Amino acid sequence: MIKVLHILQDINSGGVERRRLSIAKKLNHEEFELKIVCINAYNDIPNQIKEEGIEIIELKNYSGPFDWSAHKKVQQIISEFKPDIIHGAVFEGVTLAAINGFIKNVPCVIIEETSDPVNRSWRGHFLMKIFGFLANYSIGVSKTAEHYLLHKVKIPAKKVKLIQNGVRSAKVYSQQACDLLREKWNITPQDFVFISVGRMNSEPQKQFKVLIQTFAKVAQVHKNAKLILVGEGNQKQEYIDLAQKLQVLDQVIFTGYQAEVDQFFAISHTFCLFSAFEAFGLVSVEAQMNKIPAIVTQVGGLKYTVVNKETGFVVEAHNQEQMHDKMMYAIQNPEQMKQMGQRAFLYVNTHFHEDQYVDNLFKFYHQIIKK
């Protein structure tokens, strides 16, 4: 039995948490015992993880890398659980895993880079270098994250492992369910629907303002265009105000947080993500798994998850002219976009399915324990 302790920042609705749910669902309880430590847990994913028999321990408070009260709590958990592997993800989780795994002499310490840290301070890079030294291995969830670990943090190649993220198969919704959802959100079958998904509290990254501004120009020409924005956060009201200012509030649909995003993909035609930086862009893969072509920016992991002109379009970050052109092309060429969506499904199902991610991770666990 291999005991694994995962440490994260928060368990909410993000990609890191959803991959832990994938791990929990596919965990062989005869081979592994898993516990998860986080700072806070909320929304539905923690309950789904618990339903799989995985204990989640919340620290509740964490003030930074030198919060020794949090470190002591983690050390106590390690003493009681006695993990063979401690696996930290997201900067806070990496901090708690690397420091306390080293102090408590856990046999194997893994840190995982889940972001595209273009805005990380020199102190952050320096700390990652230290954590990489303390850890036995560092995982990159995308080629961009792997490159950062190797060339910016300069962790030795023998300690770096690429395990690319993956997503589950799409849920299938009946025509009746789709019709009811359209009716609820005032979408007609004749509307062309763009969709984007993300937390609405990280504007410098997600660039929802740019998306709304670009869509407003499209909507001036195509009155049947709609934009669904799925997500919640403290900047949501800013986006609503912007849509109202640009006179497209009746065409931009703010759904708030949604546990089942696939239902909105089922009534959409094209996915858009105009991020300034992105480690992987899990939601773009989820869209493509739903046979939705994607228009994304050429940053971080996004440029690897979308094949330009084959499964969607890759445009320059901050280039609203290119974004506008591709959104206009999508409306004007629905059949070509539908074909792209079919190719998108085949591509991500082959390269980025959650089964591959989980299998690769479990194989890695077995390999390092054998060593």
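**Helix packing, salt bridges and loop residues**

The crossing of helices H12 and H15 is left-handed in this predicted model. H12 spans residues 282-289 and H15 residues 334-351, and the two pack at an angle of about 120°, with their axes 7 Å apart. Angles from 65 to 115 degrees count as roughly perpendicular and those over 145 as roughly antiparallel, so H12 and H15 are oblique to each other. On the H12 side, the contact is made by Val 285, Gln 288 and Met 289. H15 contributes Gly 341, Ala 344, Phe 345, Val 348 and Asn 349. Sorted by class, the residues in this contact are 5 nonpolar and 3 polar, with no charged residues.

Charged side chains come into view elsewhere. Side chains of opposite charge can pair when their charged atoms come close. Across the whole structure, a search finds 19 salt bridges, and a few of them are described here.

One of these bridges joins Lys 25 to Glu 52, with 3.6 Å between the closest N and O atoms. Lys 25 belongs to helix H1 (residues 15-26), while Glu 52 sits in the loop between helix H2 (45-51) and strand E5 (55-58), so the bridge ties together parts that are 27 residues apart in sequence. Lys 25 is partly exposed, its relative accessible area being 46%, and Glu 52 is also classed as partly exposed, at 26%.

A further salt bridge brings together the side chains of Arg 168 and Glu 260, at an N to O distance of 3.9 Å. Here the pair links two loops that are distant along the chain, 92 residues apart. Arg 168 is in the loop between strand E9 (160-162) and helix H7 (175-184), and Glu 260 in the loop between strand E12 (252-256) and helix H11 (262-265). With a relative accessible area of 34%, Arg 168 is partly exposed; Glu 260, at 27%, counts as partly exposed too.

Two helices are bridged by Lys 209 and Glu 238, whose side chains meet at 3.3 Å, N to O. Lys 209 lies in helix H9 (residues 208-221) and Glu 238 in helix H10 (residues 236-245), 29 residues apart. Both ends of this bridge are partly exposed: Lys 209 has a relative accessibility of 32%, and Glu 238 has one of 37%. Beyond such pairs, Arg 19, Lys 26, Glu 354 and Asp 355 are joined into one network by salt bridges that share partners.

Asp 191 offers a contrasting setting for an acidic residue. Asp 191 is found in the loop between H7 and strand E10 (192-197). Its relative accessibility is 8%, under the 20% limit, and Asp 191 therefore counts as buried. Leaving aside residues up to four places away in sequence, Asp 191 touches Asn 186, Asn 224, Lys 226 and His 269. The last of these, His 269, is 78 residues from Asp 191 along the chain, yet their C-alpha atoms are separated by 9.5 Å.

Two loop residues deserve a look for their backbone. Most residues other than glycine have a negative phi. Lys 154, however, has a positive phi, near 60°. This residue is placed in the loop between helix H6 (143-152) and E9, where it counts as exposed at 58% relative accessibility. His 318 likewise has a positive phi, near 70°. The loop that holds His 318 runs between strand E15 (312-315) and helix H14 (320-332), and His 318 is exposed, with a relative accessibility of 54%.

Definitions and conventions. Residues are numbered from 1 along each chain as its sequence is written. This is a predicted model: local features need pLDDT of at least 70, side-chain atom pairs count only at pLDDT 80 or more; totals for chains, interfaces and linings use all residues. Side-chain values use heavy atoms; hydrogens and water are left out. Axes are lines fitted to C-alpha atoms, for helices over the stretch in contact, and angles run from 0 to 180 degrees between N-to-C directions. Helices (H or I, at least four residues) and strands (E, at least two) are DSSP runs, numbered from the N terminus. Angles under 35 degrees count as roughly parallel, over 145 as roughly antiparallel, 65 to 115 as roughly perpendicular and the rest as oblique. A crossing is left-handed if the near helix is turned anticlockwise from the far one by less than a right angle, and right-handed if clockwise. Contact means heavy atoms within 4.5 Å. Ala, Val, Leu, Ile, Met, Phe, Trp, Tyr, Cys and Pro count as nonpolar, Asp, Glu, Lys and Arg as charged, and the others, Gly among them, as polar. A salt bridge is a side-chain nitrogen of Lys or Arg within 4 Å of a carboxyl oxygen of Asp or Glu. Buried means under 20% relative accessible area, exposed over 50%, partly exposed in between (1.4 Å probe, protein chains only).
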